[in-house]
Amino acid sequence: MLGANSFSDLDLLCPQCSDIYCLPVILICGHNVCRVCLYKFWEVKRCKNCPVCGKESSSGLPPINLDLQSAVEDFKERNTVEDSAECVLHHEKLKVFCNNDEEPICLVCQISKQHTAHKCCPVEEAALAKKTEMSELLECLKKKVKLMNKTKQQWEETKTYLKTQSSQIEAAIKEEFKKLHRFLAEEESKRLRVLNQEEETKTELMSKKIQTIEEHIKYLFSTISHIDKVLLEKDLSFLKSSCDVFLVQNSTDDTCFFFQTQAYKETKKKATSTIPDPESVNDILLNSSKHLGLLDYEVWKKMMNVVIYTPVILDPNTAHANLKLSQGLTRVQYSNKLLLPDNPERCTSGMCVLGASGFTSGKHRWTVDLGQGKDWYVGVARESIKRKSAVFFSPAEGFWVIGYCSKDSVWAQNSPRTRVALKHTLEKITIELDCDKGRVVFSNKADSSVIYTFKEKFSEKVFPEKIFPYISVGLCDDWKNASPLSICPVALKVNKE
């Protein structure tokens, strides 16, 4: 059975009297008629046929259509409320709608001073227009809810990805510090070995010196003992020659020395024999200044041979999902699609990635190793480039790039694009950005020859827009063997002031 809300206003009109149903009854043919109208029809026609289709009805009394009767009652109640709405000032029915004040008014209000200049229309017409307006607003709200639900889902995915990204960055940081720790540990070991070697060398030298001086001391000790004995001789014996032999024992280590007593001349000669004085040993202490002086500075200088510096770092948050960046964020290549959030910064319209830092002033220079790539674009781009929809490379769209696209040709993406003539094979390309003079110069690293120069007024605005390094790689059927593009490192120098 149909509910009360399933009937339109036209369904509430009796086909016999064309008025609102009064106790509608339903016949076996499915038509509805007021019970009073049906009885009058039967009485006039002297038959029990349907007033609409003429089909014979049953001999009994047809039942009341309760759903239709309920709809009639709802309609009457609704119209009773509307009919009872009157103007507070003039006690007239509210049949006109003022579009300026957006409120229903009576006919007297319409011609009053307050509403004379206002645009008015019948209530029915206004209700239809306003319902249409509200329907459109309702659709907008539904679309907004749909958008917000989609955004919420994306944010949930981003929230989950943040943990993954944090774990990846943490692992990379630990790996980099492992390299530094390993370098420092090796450097520490080398310096300790040098220190120990110096200690051993100088300790051995001092041992030899001590051994020599001990021998000299022993000799002098024996000489002194001999002289003491000679001095005890009588005058004549002291002055004449003699050949007596004496055994002298050293009290310190029980070593024995044999001396032959000699006359005064020989004894004096022996006593005055030259034994060198102990020499002063220079630079025998450890070279503390060598081991400790500017230790951190010297280690830091050596570390420059280990640390790699590149003037441009790529931003993984701007990279297309099919691009894989190296751990140091200096190399990019085509890969299988990664599960990444579609954040506003990410480029989804092309296989590209931007630099992590943008420039608004000054000169900047970096070199890109093109590898074996056969489809690439390098240069600079504005921060405001379209990242989610397809664009054409041109300065008007915010791109100053050159690229290798087809048939072994390199093109500068100007308007119109310009084919670039090369003197040597292009393996590495240097980009020089001068924000103040408004120039982007591309040169071949092999011979430093200029390939192409863009001229643009980057700083013409009060707050100039940032210009970012730009790299784009082509598609590759075998992504595992895709050729990467890399930012070349530069040599580091220490300037002392």
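Val230 is buried in this predicted model, with a relative accessibility of 6%. The residue belongs to helix H4, which covers residues 123-230. Because the limit for a buried residue is under 20% relative accessible area, the value of 6% places Val230 in that class. Thr267 is 37 residues away from Val230 in sequence, and the two C-alpha atoms are 8.1 Å apart in space.

**Salt bridges**

Helix H4 also takes part in salt bridges, of which the structure holds 13. Three of them are set out in the table.

| Residue pair | N to O distance | Citation |
|---|---|---|
| Glu102 and Lys130 | 3.7 Å | salt bridge |
| Glu170 and Lys174 | 3.2 Å | salt bridge |
| Lys209 and Glu279 | 1.9 Å | salt bridge |

In the salt bridge between Glu102 and Lys130, the N to O distance is 3.7 Å. Glu102 sits in the loop between strand S3 (96-98) and strand S4 (103-105), while Lys130 is in helix H4, so this pair ties together parts that are 28 residues apart in sequence. Glu102 is exposed, at 53% relative accessibility, and Lys130 is partly exposed, at 27%. A network of salt bridges links Glu102, Lys130 and Glu133.

What is the sequence separation of Glu170 and Lys174 in helix H4? The two residues are four apart, about one turn of the helix. Glu170 has a relative accessible area of 41% and is partly exposed. Lys174 is partly exposed too, at 49% relative accessibility.

The side chains of Lys209 and Glu279 form a salt bridge with an N to O distance of 1.9 Å. Lys209 is in helix H4 and Glu279 is in the loop between helix H6 (264-271) and helix H7 (288-292), so the pair ties together parts that are 70 residues apart in sequence. Lys209 is partly exposed, with a relative accessible area of 28%.

**Strands**

Is strand S19 (residues 467-473) enclosed or open? Seven of its seven residues are buried, so strand S19 is largely enclosed by the rest of the structure. Strand S10 (residues 352-354) runs antiparallel to S19 and is joined to it by three bridges. Within S10, Val353 stands opposite Ile471 of S19. Strand S12 (residues 376-382) is also antiparallel to S19, with seven bridges between them. Trp376 has Val473 in S19 as its bridge partner.

Strand S11 (residues 363-369) is joined to strand S16 (residues 428-434) by seven bridges, and the two run antiparallel. Trp366 is paired with Ile431 in S16. S11 also pairs with strand S20 (residues 485-487), again in the antiparallel sense, over two bridges. There, Val368 has Ile487 in S20 as its bridge partner. In a regular strand, side chains alternate between the two faces of the sheet.

**Surface patches**

Which residues form the positive surface patch? The patch consists of Lys363, Lys437, Arg439 and Lys455. Arg439 lies in strand S17, which spans residues 439-444. With a relative accessible area of 36%, Arg439 is partly exposed.

A nonpolar patch on the surface is formed by Val306, Val307, Tyr309, Val490 and Leu492, with about 390 Å² of accessible area together. Val307 is found in the loop between helix H8 (295-303) and strand S8 (323-325). Its relative accessibility is 37%, so Val307 counts as partly exposed.

**Backbone details**

Most residues other than glycine have a negative phi, and most peptide bonds are trans. Arg46 is not a glycine, yet its phi is positive, at about 55°. Arg46 is in the loop between helix H1 (35-45) and helix H2 (66-84). At a relative accessible area of 76%, Arg46 is exposed.

Ser448 also has a positive phi, near 60°, and is a residue other than glycine. The loop between S17 and strand S18 (450-455) holds Ser448. Ser448 is exposed, with a relative accessible area of 59%.

The peptide bond from Ser415 to Pro416 is cis, with omega near -5°. Pro416 lies in the loop between strand S14 (409-412) and strand S15 (418-420).

Key
Residues are numbered from 1 along each chain as its sequence is written. This is a predicted model: local features need pLDDT of at least 70, side-chain atom pairs count only at pLDDT 80 or more; totals for chains, interfaces and linings use all residues. Side-chain values use heavy atoms; hydrogens and water are left out. Patches are made of residues with over 30% relative accessible area and no salt bridge: like charges are joined within 9 Å, nonpolar side chains (Val, Leu, Ile, Met, Phe, Trp, Tyr) within 5 Å. Accessible areas come from the Shrake-Rupley method with a 1.4 Å probe; for residues, only the protein chains shown count as cover. A salt bridge is a side-chain nitrogen of Lys or Arg within 4 Å of a carboxyl oxygen of Asp or Glu. Lys and Arg count as positive and Asp and Glu as negative; His and the chain ends are not counted. The place of a charge is taken as NZ of Lys, CZ of Arg, CG of Asp or CD of Glu. Buried means under 20% relative accessible area, exposed over 50%, partly exposed in between (1.4 Å probe, protein chains only). Two strands pair if DSSP finds at least two bridges between them.
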